Amino acid sequence: MSDVRTTGRWRGVVALSLFAGAVGLLAQRPSLLLLASVGVGYAVYPRLVPEPPEPDLAVERTISERTPAHGESVDVAVTVRNEGDRWLTDLRVVDGVPALLPVVDGTPRRATALGPGEETTIEYAVEGREGKHRFEPSTVLTRDLGGATERTTTVHESTVIDCGVSVPQAALRDLTRRRTGELVTDDGGSGLEFHRMREYRRGDPVKRIDWRRFASGGDLTTVEFREEQAAAVVLCVDVGTSTAPDEPGASPTAHAVARSVAAADRLAAALADANHEFGLAALGPEPCWLPLGVGKSHLAHLRQLLDADPAFAPSTVAGNQDDALDRVVSPEFESRDVAPEVNDTQVGPTVDQPGTAGAEPALSDGGRLVDGATSGRDRQTAELRERLGGNTQITLLSPLADDDVVGTVRTLEAAGHPVTVVSPDTTAGETVGNRLAARERTTRIQALRRLGVPVVDWQTGDHLGNALERTMERYR
Amino acid sequence: MTSLAASRDLLDRPTAPGALLAMLAGFAAVALLIEGAGQWQALVVDIVGLALCAGGYVAWQRGQKVPGSLAALAGGVLVLVALALAVSQPEAMTERLELLPGLLGLAVLLAGLLPVRAGWERRLVTTGAAFLFVGVVTSGVVRGASEIQLLAAGVASVLAWDLGEQAVSLGGQVGRRAQTHRAELVHAGGSLLAGVAILAVTLGVAALDVQGLSLAGFAVLLVAAFALVVATRQ
């Protein structure tokens, strides 16, 4: 957990002794030879002070506003208490401010000395930026009294700042399951909105017969209404493929992830309000999967994942695939269609079966990564497909920062899952790189739209609800 | 300059309380060697000059470029005057020499702690403290001070380096804007206690009539001490 290193800061002090001793010998001054003891003494001093103990710290973070508006200032107070029974003589704390939130007042850093049971509070303010922002673990450095040994460790206290407005309606495509809900379909039947008139067929309900027409003309016609049904939607957040998140161009920026996660939260709330079934998936190096479900408690579950699951942290490094046990979440309530996918999450040695990847509907290897897929995207897509039930549609939240994600959409569409893409635009900026990225993104959006996939181009500073409305109007 | 750029500027600078403590230790390292009134004069002028330099630098940082640079210029002139005083004022030739490295060291130490050049903080602090120590050794060579004065001044010069380095390290990790005084005071207390202990032990050894010992015997003692230090490193 903690990383100990020697700073070596007292290393040069013996040179003073050598210098004083040499001059003392040359000039024949015994007092200078006495002076040489100062250097020797300070070289020994760091050996005599005890090493810094493993810090036992309790961190508590309070924020003045959990859901600030864009640009609103949020006061943050971090209290660090020494829970151990030893003095921390040189304690340096740097709070893990989310990368995208600028500190506007004060500083999230502090150096202090804490006795047992003592505490210190760091106060500062950050400015809200659109998106869901997670605080990272606070970095804690302790040094001994002489500063010769330094111990680095992190203390985690999860806090989320969620900035953005809710959306009235999610973007859905016209494919439904047979449950009554809010989605208006092109199928005629029973419902509220008039669909068409057709000739009476035997067995039609009597109350749907147009009696006025029968009275005037004598022929029996039936009124059909648009059927309103519930959709099953998996919200899929693109966290990128790269294991090195700061590699230029390879992975969507932290900004995109923060906005995508916030958008997923808002869309899930809209879906829950409309009684649709919804689930959650991460398309990224760390898998995360929440099966379909309905209702408020399911929404709470989903929000908890978005807030705390490492799969949605942009700084995730997926170097630990061996112990990356899938975070497959089994909710208390039974999920109807995708139950087979959540049955098996064992760790330990499992037999990989490359040939069966994608062929079986359920995960064959307990959620392990599928072998045989070439790129990261292929693997992620295969994993996602294995989990999706029939008739499930997908809302993909992606900055469209790489070409492979277009392939993912194509694969999913071909497999019969209608895809809607909500794409936060993070390419705003004047640099050449940004302009190139914007150009490429536009090309990808056009390619997707040619496939018939609705793409919501969500500009920075734009209201997500408006962006959704504008796009979905085109497809009605 | 936007506030963001300003805060980034301040991030890596040596912390103010640590810099102040280091300068105080530096002043002590010079003041402990002083015997005559002429030397006091030189030190006081030097301190005023350095304070003007520091004040001018701070004013310049806050955007008051003209008064800031004027103050710094005046401070620089005063430092030169102090050096001239140190060389010319005392009557004995030996006293003229012994203050020069110390005054120069104070100026270099301050330059490192402001810092005049980013990235050079440690180098300048170390060089300044080394000058202070050279001043102490010079004083020992010209027999300008007693043993206890020499030892105390030696400890003070090491403290000046230690506190300066601590200020640089804290500045790099938590920045000048952060609150750091508690950590720095505790650290300074530890180093000061160590210095007092070293002083006491050395004077105790000296009291065992070491003066009767030959110089060669002293040298052997020193070599033994080094061997001990090397042994504790393993």
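This report walks through a predicted model of two chains, A and B, from the overall picture of chain A to the core.

## Chain A at a glance

Let's start with the basics. Chain A has nine helices and 20 strands. Of its 476 residues, 44% are buried.

How much of the contact pattern links parts of chain A that sit far along the sequence from each other? Taking contacts between residues at least 6 apart in sequence, 70% join residues at least 24 apart.

## Where A meets B

The two chains touch each other: 45 residues of chain A are in contact with 39 residues of chain B. On the chain A side, four elements each bring at least two residues to the meeting: the helices α1 (14-27) and α2 (30-48), plus the strands β4 (88-96) and β6 (109-114). Which of them gives the largest share? That's α2(A), with 16 residues.

What kinds of residues are these? The side of chain A that touches chain B is made up of 28 nonpolar, ten polar and seven charged residues.

## A closer look at helix α2

Since α2(A) gives the largest share of that side, let's check its shape. It has 19 residues, and at 1.5 Å a residue they should span 27 Å; the end C-alpha atoms are indeed 27 Å apart, so the two values agree.

Is this helix enclosed or out in the open? Of its 19 residues, 15 are buried, so α2(A) is largely enclosed by the rest of the structure.

## A five-stranded sheet

Chain A also holds an open sheet of five strands, and you can trace its order as β1-β10-β9-β4-β6, with antiparallel pairing. At the edges are β1 (3-6) and β6 of chain A, each of which pairs on one side only. Going from one strand to the next, the twist averages 20°.

Now zoom in on one pair. β4(A) and β6(A) run antiparallel and are joined by five bridges. If you want a spot to look at, find A:Leu91, which stands opposite A:Thr112 in β6(A).

## The nonpolar core

In soluble globular proteins, nonpolar side chains tend to be buried together. Here the largest nonpolar core has 170 residues, and those with the most contacts inside it include A:Leu235, A:Val237, A:Ala264, B:Ala22 and B:Leu109. Helix α8 of chain B, residues 147-173, gives the most to this core, with 14 residues.

Which residues does A:Val237 touch? Leaving out residues up to four places away in sequence, its partners are A:Ser260, A:Val261, A:Ala264, A:Ala282, A:Leu283, A:Phe312 and A:Leu397.

Definitions and conventions: Residues are numbered from 1 along each chain as its sequence is written. Chains are lettered from A and ligands numbered from 1 in the order in which they are written. This is a predicted model: local features need pLDDT of at least 70, side-chain atom pairs count only at pLDDT 80 or more; totals for chains, interfaces and linings use all residues. Two residues are in contact if their C-beta atoms, placed from the backbone, lie within 7 Å. Ala, Val, Leu, Ile, Met, Phe, Trp, Tyr, Cys and Pro count as nonpolar, Asp, Glu, Lys and Arg as charged, and the others, Gly among them, as polar. A nonpolar core is a set of buried Ala, Val, Leu, Ile, Met, Phe, Trp, Tyr and Cys residues joined through C-beta atoms within 7 Å. A residue is buried if 20 or more other C-beta atoms lie within 10 Å of its own, exposed if 12 or fewer, and partly exposed in between; C-beta atoms are placed from the backbone. Two strands pair if DSSP finds at least two bridges between them. Axes are lines fitted to C-alpha atoms, for helices over the stretch in contact, and angles run from 0 to 180 degrees between N-to-C directions. The expected span of a helix is 1.5 Å times one less than its number of residues.
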